[in-house]
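This briefing describes the fold, the principal helices and selected residues of one protein chain. Please consult the sequence and the structure while reading.

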Amino acid sequence: MAYSTERVLQLELLQLQTDEGPCLDCFHTGRAVSAPDLTETADRWPQFAPRAAQEGFRAVHALPMRLRTETIGELNMFSTQPGPLPPQDLRVAQALADVATIGILHERAIRRSEILSGQLQTALNSRVLIEQAKGILAERRHISIAEAFTLMRTYARDHNRRLSQVARAIIAPRPTTSPT
């Protein structure tokens, strides 16, 4: 959540706490919600509307931030003056919401990609260690690679350790930490 002032933050939090308000309606429906005069919406949002008026706001317009059918948030515009936004202003605001949506989704995709890349690198590093340890263990014990792997896996399970930890211990042995 981002906000322009503390007063707006308080209203956003109020909507979340009371589960009512134009911003939540916009998020749940994926459609723009306009309340050009909050004094006329007390029946619709009995906790939000009076508090918004108390904070000096008279109108609010909530625009969905969505990609196709997925709504990821909303852009909320609070006004101290009652009245609807002109259609051209609403179009500009929706365009800004759309651009912000693209930016947020792009950042999420980059973050997911970085996480996946890190996980794959960790798995690859672990696999290299395991393969090295299997070779060392097979050579030391004069057993097959498959038998070495079975021995390592059994040791890891019996001692509640990760296979990569057992592999590290085999590669750089310490007393009583490996099955060799």
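A residue is called buried when its relative accessible area is under 20%, exposed when it is over 50%, and partly exposed in between. By that scale Ile110, with a relative accessible area of 39%, is partly exposed. The structure is a predicted model. The points below begin with the whole chain and then turn to helices, loops and single residues.

**Overall architecture**

- The chain contains 6 helices and 3 strands, and these follow one another in the order α-α-β-α-β-β-α-α-α along the sequence.
- The radius of gyration is 29 Å, whereas the globule rule gives 16 Å for 180 residues; the former is well over the latter, so the chain is more spread out than a compact globule.
- Along the principal axes, the C-alpha atoms fill a box of roughly 85 × 30 × 25 Å.
- Of the contacts with a separation of 6 or more, 49% are made by residues 24 or more positions apart.

**Surface and charge**

- Of the 180 residues in the chain, 34% are buried.
- The exposed area of the chain is about 11,400 Å², and carbon and sulfur atoms supply 54% of this area.
- The chain carries 21 positive and 19 negative charges, and the mean positions of these two sets are 14 Å apart.

**Helix α4**

- Helix α4 covers residues 87-141, which is 55 residues. At 1.5 Å a residue, α4 should span 81 Å; the C-alpha atoms at its ends are 79 Å apart, which agrees with that expectation.
- The buried residues of α4 include Ala93, Gln94, Ala97, Thr101 and Leu105. Also buried in α4 are Ser126, Leu129, Ile130, Ala133, Lys134, Leu137 and Ala138.
- The partners against which the buried residues of α4 pack are strands β2 (59-67) and β3 (70-79), together with helices α5 (145-158) and α6 (163-171).
- Ile110 is a member of α4. Ile110 is separated from Leu85 by 25 residues in sequence, and their C-alpha atoms are 35 Å apart in space.
- After α4 comes His142, which has a positive phi near 60°.

**Helix α2**

- In α2, the residues Pro22, Cys23, Leu24 and Cys26 are buried.
- These buried residues of α2 pack against helices α1 and α3 (48-54) and against strands β1 (33-35), β2 and β3.
- Gly30 follows α2 and has a positive phi, near 75°.

**Loop residues and backbone angles**

- Most residues other than glycine have a negative phi. The residues in the next two points have a positive value.
- Asp19 is not a glycine, yet its phi is positive at about 55°. Asp19 is placed in the loop between α1 (6-18) and α2 (22-29). With a relative accessible area of 58%, Asp19 is exposed, because the cut-off for that class is over 50%.
- Asn160, likewise a residue other than glycine, has a positive phi near 50°. Asn160 occupies the loop between α5 and α6, and its relative accessible area of 73% makes Asn160 exposed.
- Arg68 is located in the loop between β2 and β3. The relative accessibility of Arg68 is 69%, so Arg68 counts as exposed.
- Arg68 and Gly30 are 38 residues apart in sequence, and the distance between their C-alpha atoms is 10.0 Å.

Terms used
Residues are numbered from 1 along each chain as its sequence is written. This is a predicted model: local features need pLDDT of at least 70, side-chain atom pairs count only at pLDDT 80 or more; totals for chains, interfaces and linings use all residues. Side-chain values use heavy atoms; hydrogens and water are left out. Helices (H or I, at least four residues) and strands (E, at least two) are DSSP runs, numbered from the N terminus. The expected span of a helix is 1.5 Å times one less than its number of residues. Buried means under 20% relative accessible area, exposed over 50%, partly exposed in between (1.4 Å probe, protein chains only). Contact means heavy atoms within 4.5 Å. The radius of gyration is taken over C-alpha atoms; the globule rule is 2.2 Å times the number of residues to the power 0.38. Accessible areas come from the Shrake-Rupley method with a 1.4 Å probe; for residues, only the protein chains shown count as cover. Lys and Arg count as positive and Asp and Glu as negative; His and the chain ends are not counted. The place of a charge is taken as NZ of Lys, CZ of Arg, CG of Asp or CD of Glu.
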